[in-house]
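User: I would like a close look at one part of this protein, the main nonpolar core and the helices that pack around it. Please set it against the rest of the chain as well.

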Amino acid sequence: MKTKFIAIGVMVLSLIIVSYTKINPTLSISELKKLYSSGDYQKWPKPEVDSLVYAQGFEDIGVLGQPEFPQDNQYTEEKAALGKILFFDPRLSKSGQISCANCHDPELNWGDARRVSYGEGRLQGIRNSPSLMNIAYAKVFFWDGRATTLEDQASFPIKDTKEMNFHIDLATKRLNKIKGYKPYFQKAFGKEKLSQTEILKAIATFERTLISPKSRFDKFVAGDSTQLNNKEVEGLHLFRTKARCINCHNTANFSDNKFHNIGLTYYGREYEDLGRYNVTGKAENVGEFKTQSLRGAAQNGPYMHNGLFPNLRGVLNMYNAGMPQPKRKESQENDTLFPATSRLIQKLQLKQSEVNALEAFITSLSTGAYKMRPPELPK
């Protein structure tokens with residue numbers, strides 16, 4: 001009988017230990033919480049990062065620093081104020097009805113909550129509008145990277161026939177004729193008429209001010225251990241280890257600013273989109289899309305370049321399954337453009353409890369609704 005009680009006791013103790021150390025055989029949840037909330041990144045457990053990612057220059061996640069403004073477009077309050085008005089002004093479009101804010105609405109976390117966006121004449125594009133929040137930390141722009149600066153990016157929607165459908169020169173002439181703009185132009189650039197370059201610089205300056213408040217994650221890793229619960233801490237550790245998210249969603253902005261094929265090219269089918277290949281013309285770029293930041297991701301649905309994923313759980317389930325890994329048909333044996341899913345994408349074999357934890361952690365990167373009242377437009 002005594003032996004039986006001892007055996008039961010050992011079994012119970014083993015279950016407690018397994019439960020306590022379910023993430024790592026050497027680290028308990030409480031120990032992980034202590035390490036991650038220490039305020040010292042050097043104390044964090046080592047991330048599980050592929051050698052290829054390390055070779056390309058890896059930077060761990062963390063708290064955002066101050067955004068940098070380019071030398072030829074330094075921040076001024078007056079320039080940002082002008083850029084804000086221009087951002088909300090539909091007169092930059094041919095019809096005078098579509099503004100930048102149509103696709104990047106502050107009440108929708110600077111996206112539009114649509115699968116794909118629409119513009120002039122209700123024409124639909126083929127891509128989802130990503131949030132502009134924290135765009136100051138991006139190094140490439142658009143899903144396919146066709147713009148290398150934020151100033152350059154601002155010109156594309158204006159001239160796109162499915163968006164604002166206007167020529168930037170004509171838009172600039174229209175704005176220069178509006179008397180109410182002259183005081184704003186004078187304050188921002190010291191003159192009453194602007195060039196298209198200055199119009200774009202003002203818009204970009206405003207967009208660089210769209211910085212998210214500190215999230216619960218930010219406060220947690222800065223030293224406040226009460227900000228994340230046990231499930232979210234488990235998700236944070238999974239994010240940096242077993243779930244492999246850290247390979248692409250790294251840096252303080254949770255994006256490597258690189259392009260990857262995650263298997264969603266829809267090659268040869270409805271929704272086909274060759275991604276970065278359309279910009280570079282290089283076969284190795286077929287199906288590659290920019291890694292979007294995960295800050296505010298819980299507020300940024302639907303997801304992916306085509307908006308076909310309505311919720312985060314669907315995205316996580318697809319990653320857990322290893323994403324699509326297309327195989328060549330006999331007729332495609334010599335197809336030089338046939339896309340190959342990145343080798344960074346692998347089956348994760350996460351349990352549902354781990355997927356739950358991962359989703360909980362990603363949700364901790366959000367900061368609530370961003371409020372901004374549209375400005376009064378000059379007349």
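Analyst: What follows goes from the whole chain to the core, then to the helix contacts, and last to some single residues.

The model is a predicted one. The protein chain has 14 helices and 2 strands, and its C-alpha trace spans about 95 × 55 × 35 Å along the principal axes. Of its 379 residues, 50% are buried. Among contacts between residues at least 6 apart in sequence, 69% join residues at least 24 apart.

In soluble globular proteins, nonpolar side chains tend to be buried together. Here the largest nonpolar core holds 43 residues, and the members that touch the most others are I61, F217, F239, F254, M304, L358 and F361. Two or more residues each come from α2 (29-36), α10 (216-221), α11 (230-240), α13 (312-320) and α14 (352-363). Helix α14 gives the largest share, 5 residues.

I61 shows how distant parts of the sequence meet in this core. Apart from neighbours within four places in sequence, I61 is in contact with Y41, W44, F217, L236, F239, R240, I246, H249, N250, T251, A252 and F254. A second, separate core has 40 residues, including I135, A138, A147 and L194.

Helix α11 takes part in two helix contacts described here. With α2, the axes come within 10 Å and cross at roughly 75°, so α2 is roughly perpendicular to α11. On the α2 side the contact is made by I29, L32, K33 and Y36, and on the α11 side by N230, V233, E234, L236, H237 and R240. By class, the residues of this contact are 5 nonpolar, 2 polar and 3 charged.

With α14, the axis of α11 comes within 7 Å and the crossing angle is roughly 95°. These two helices, α11 and α14, are therefore also roughly perpendicular to each other. From α11, the residues K231, E232, E234, G235, L236, L238 and F239 meet E354, N356, A357, L358, A360 and F361 of α14. This contact has 7 nonpolar, 2 polar and 4 charged residues. F239 in α11 and both L358 and F361 in α14 belong to this contact, and these three are also among the core members that touch the most others.

Another helix worth a look is α9 (residues 196-207). Its 12 residues reach 17 Å from first C-alpha to last, close to the 16 Å expected at 1.5 Å a residue. Because 10 of the 12 residues are buried, α9 is largely enclosed by the rest of the structure. The buried ones are E198, I199, L200, K201, A202, I203, A204, T205, F206 and E207. What covers them includes α4 (77-88), α6 (150-159), α7 (168-176) and α8 (182-189).

Two single residues give a contrast in burial. L64 sits in the loop between α3 (51-55) and α4. Its relative accessible area is 17%, so L64 is buried, the limit being under 20%. Leaving aside neighbours within four places in sequence, L64 is in contact with N134, Y137, S212, A252, N253 and R295. A252 is thus a contact of L64 and also of I61. The C-alpha atoms of L64 and P213 are separated by 10.0 Å, although the two residues are 149 apart along the chain.

K379, by contrast, lies in the segment after α14 and counts as exposed at 79% relative accessibility. Beyond neighbours within four places in sequence, K379 is in contact with R91, I178, K179 and G180. From K379 to E272 the C-alpha distance is 44 Å, with their positions 107 residues apart in sequence.

The backbone has a few details to check in the loops. Most residues other than glycine have a negative phi, and most peptide bonds are trans. A cis peptide bond joins G301 and P302, with omega about -5°, and P302 is in the loop between β2 (289-290) and α13. Phi is positive at A113, near 60°, in the loop between α5 (100-103) and α6. A113 is partly exposed, with a relative accessible area of 48%. Phi is also positive at Y266, near 55°, in the loop between β1 (259-260) and α12 (277-280). Y266 counts as buried at 16% relative accessibility.

Notes: Residues are numbered from 1 along each chain as its sequence is written. This is a predicted model: local features need pLDDT of at least 70, side-chain atom pairs count only at pLDDT 80 or more; totals for chains, interfaces and linings use all residues. Side-chain values use heavy atoms; hydrogens and water are left out. A nonpolar core is a set of buried Ala, Val, Leu, Ile, Met, Phe, Trp, Tyr and Cys residues joined through side-chain atoms within 4.5 Å. Buried means under 20% relative accessible area, exposed over 50%, partly exposed in between (1.4 Å probe, protein chains only). Helices (H or I, at least four residues) and strands (E, at least two) are DSSP runs, numbered from the N terminus. Contact means heavy atoms within 4.5 Å. The expected span of a helix is 1.5 Å times one less than its number of residues. Axes are lines fitted to C-alpha atoms, for helices over the stretch in contact, and angles run from 0 to 180 degrees between N-to-C directions. Angles under 35 degrees count as roughly parallel, over 145 as roughly antiparallel, 65 to 115 as roughly perpendicular and the rest as oblique. Ala, Val, Leu, Ile, Met, Phe, Trp, Tyr, Cys and Pro count as nonpolar, Asp, Glu, Lys and Arg as charged, and the others, Gly among them, as polar.
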